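Open the model in your viewer and keep the selection tool handy. We will go stop by stop, with a word on what to pick at each one.

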Amino acid sequence: MTPCQLLQRCAGLERATNCISSVDLGALVRPHVTINCAMSADGKIGFVTRTQAKISNEEDFRRVHRLRASSDAIIVGVGTVLADDPKLTVKKEYAKGRNPIRVVLDSRGRTPNDAFVLDGMAPTIIVTNSKCTRAFRNAEVVRCGRRQVDLLRLLDVLSEKGAKKILVEGGESVIWSFIHKGLADEMKIFVGSMVLGGKGGPTPAGGLGVTKIEHAIPLKLQKVGRLGGGILLEYSTKKRKG
Ligand SMILES: NC(=O)c1ccc[n+]([C@@H]2O[C@H](COP(=O)([O-])OP(=O)(O)OC[C@H]3O[C@@H](n4cnc5c(N)ncnc54)[C@H](OP(=O)(O)O)[C@@H]3O)[C@@H](O)[C@H]2O)c1
């Protein structure tokens, strides 16, 4: 059992026995995880066609690139690589600093050979499940998880590589997985002043969702601010009861 898994197990025991109430044990060892995304005023993070929508304004791009420069690793899912083909580097026009490690959660090895994340411009890790045998140019491969990527184990691997600050940039399935498993510490949402519409279009958290309000994942609003013509919402996650 890895250190993150052990502490997560202790946190479960703690909930069951109600013996420690205010310390998130898992958070003591795992890297600090910040989720960041940009959504439209109607709560969409992309077009209904699941292609990339430019929701951020210049001020937000500057903020995001500064956030990247201050992070040790950026995580996205393969859905985002297939939809947006992001570079996930720090653009010099927006921020100074080194490129963080790019990490793609890609259980079945679907990252295209010509994807920007494989261009060798920044250190890159493709994370597959243990059955996948594919190798990728310009990237290290980490195999972890039987079906999808085991996020706790991945955080251990990244922690062993010295990562202390991790930025999760989407998409909706990966954001849900981090929040649902209680592995996110902060969530930052830029709200662009536009409506994208589209029934079933991607939102800041996909996955299965919850069906009872008692199961909703609580957040604590830390800051609200105007950013150019949009709004930045900053939340910390709250320790869940029970
Ligand atoms: N506006 C923004 O800030 C922003 C940012 C990023 C993306 N987006 C949008 O988000 C949409 C893509 O979202 P998406 O949900 O389709 O893709 P995603 O979250 O980027 O990737 C999901 C895929 O990651 C893989 N995966 C591996 N381990 C996982 C785990 N533990 N939990 C969850 N997923 C795991 C799964 O594919 P396998 O089973 O094949 O591994 C899964 O289908 C696009 O429309 C994109 O434009 C918007």
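Helices and strands here are DSSP runs, numbered from the N terminus; a helix has at least four residues and a strand at least two. With those labels you can find the first stop: select Arg-50, in the loop between S1 and H3. Bear in mind as you look that this is a predicted model. The phi of Arg-50 is near 65°, a positive value in a residue other than glycine. Is Arg-50 buried or partly exposed? With 19 C-beta neighbours inside 10 Å, Arg-50 counts as partly exposed, because a residue needs 20 or more to be called buried.

**The whole protein**

Zoom out for a moment. The protein has 6 helices and 9 strands. Of its 242 residues, 36% are buried. Now look at contacts between residues at least 6 apart in sequence: 67% of them join residues at least 24 apart.

**Helix H3**

Next, select residues 58–69, which form helix H3. The helix has 12 residues and reaches 17 Å from its first C-alpha to its last, close to the 16 Å expected at 1.5 Å a residue. Show the side chains of Asp-60, Arg-63, Val-64 and Arg-68, which are buried in H3. These residues cover an arc of only 140° around the axis, which puts them on the same side of H3. To see what covers the buried residues of H3, colour a set of strands that includes S1 (32–40), S2, S6 (165–168), S7 (186–192), S8 (219–227) and S9 (230–237).

**Strand S3 and its partners**

Move on to residues 101–105, strand S3. How many of its 5 residues are buried? The count is 5 of the 5, so S3 is largely enclosed by the rest of the structure. Turn on the side chains here. In a regular strand the side chains alternate between the two faces of the sheet. In S3, Ile-101, Val-103 and Leu-105 point one way, while Arg-102 and Val-104 point the other way, and all are buried.

Add strand S2, residues 73–77, to the selection: S2 and S3 pair in the parallel sense over 5 bridges. Pick Ile-75 and you will find it standing opposite Val-103 in S3. Then include helix H4, residues 78–84, because S2, H4 and S3 make a right-handed β-α-β unit.

Now bring in strand S4, residues 124–128, which pairs with S3 in the parallel sense over 4 bridges. Here the pair to pick is Val-104 and Ile-126 in S4, which stand opposite each other.

**Arg-102**

Stay in strand S3 and centre on Arg-102. With 27 C-beta neighbours inside 10 Å, Arg-102 counts as buried. Which residues is Arg-102 in contact with, leaving aside its neighbours within four places in sequence? Select Ile-74, Leu-88, Val-117, Ala-122 and Thr-124 to see them. You can also draw a C-alpha to C-alpha distance from Arg-102 to Ile-125: the two are 6.1 Å apart in space and 23 residues apart in sequence.

**The loop after H4**

Go to Asp-85, in the loop between H4 and S3. Asp-85 has a positive phi of about 45° although it is not a glycine. Its 13 C-beta neighbours inside 10 Å make Asp-85 partly exposed.

**Around the ligand**

Centre on the ligand next. It is surrounded by 31 residues, and the closest are Gly-46, Gly-77, Gly-79, Gly-170 and Gly-171. S1, S2, H4 and helix H6 (172–180) each supply at least two residues of this shell. Which element gives the largest share of the shell? That is H4, with 5 residues.

Two of the glycines deserve a click: a cis peptide bond joins Gly-170 and Gly-171, with omega at about -5°. You will find Gly-171 in the loop between S6 and H6.

**Helix H6**

For the last stop, follow the chain into H6, where Glu-172, Val-174, Ile-175, Ser-177, Phe-178 and Ile-179 are buried. Their cover includes S1, S2, S3, helix H5 (151–160) and S6. Just after H6, select Gly-182, which takes a positive phi of about 70°.

Terms used. Residues are numbered from 1 along each chain as its sequence is written. This is a predicted model: local features need pLDDT of at least 70, side-chain atom pairs count only at pLDDT 80 or more; totals for chains, interfaces and linings use all residues. A residue is buried if 20 or more other C-beta atoms lie within 10 Å of its own, exposed if 12 or fewer, and partly exposed in between; C-beta atoms are placed from the backbone. Two strands pair if DSSP finds at least two bridges between them. A crossover is right-handed if, with the strands pointing away from the viewer, the path from the first strand over the helix to the second runs clockwise. The expected span of a helix is 1.5 Å times one less than its number of residues. The arc is that of the directions from the helix axis to the C-beta atoms. Two residues are in contact if their C-beta atoms, placed from the backbone, lie within 7 Å. A residue is near a molecule or strand if its C-beta atom, placed from the backbone, lies within 6 Å of it.
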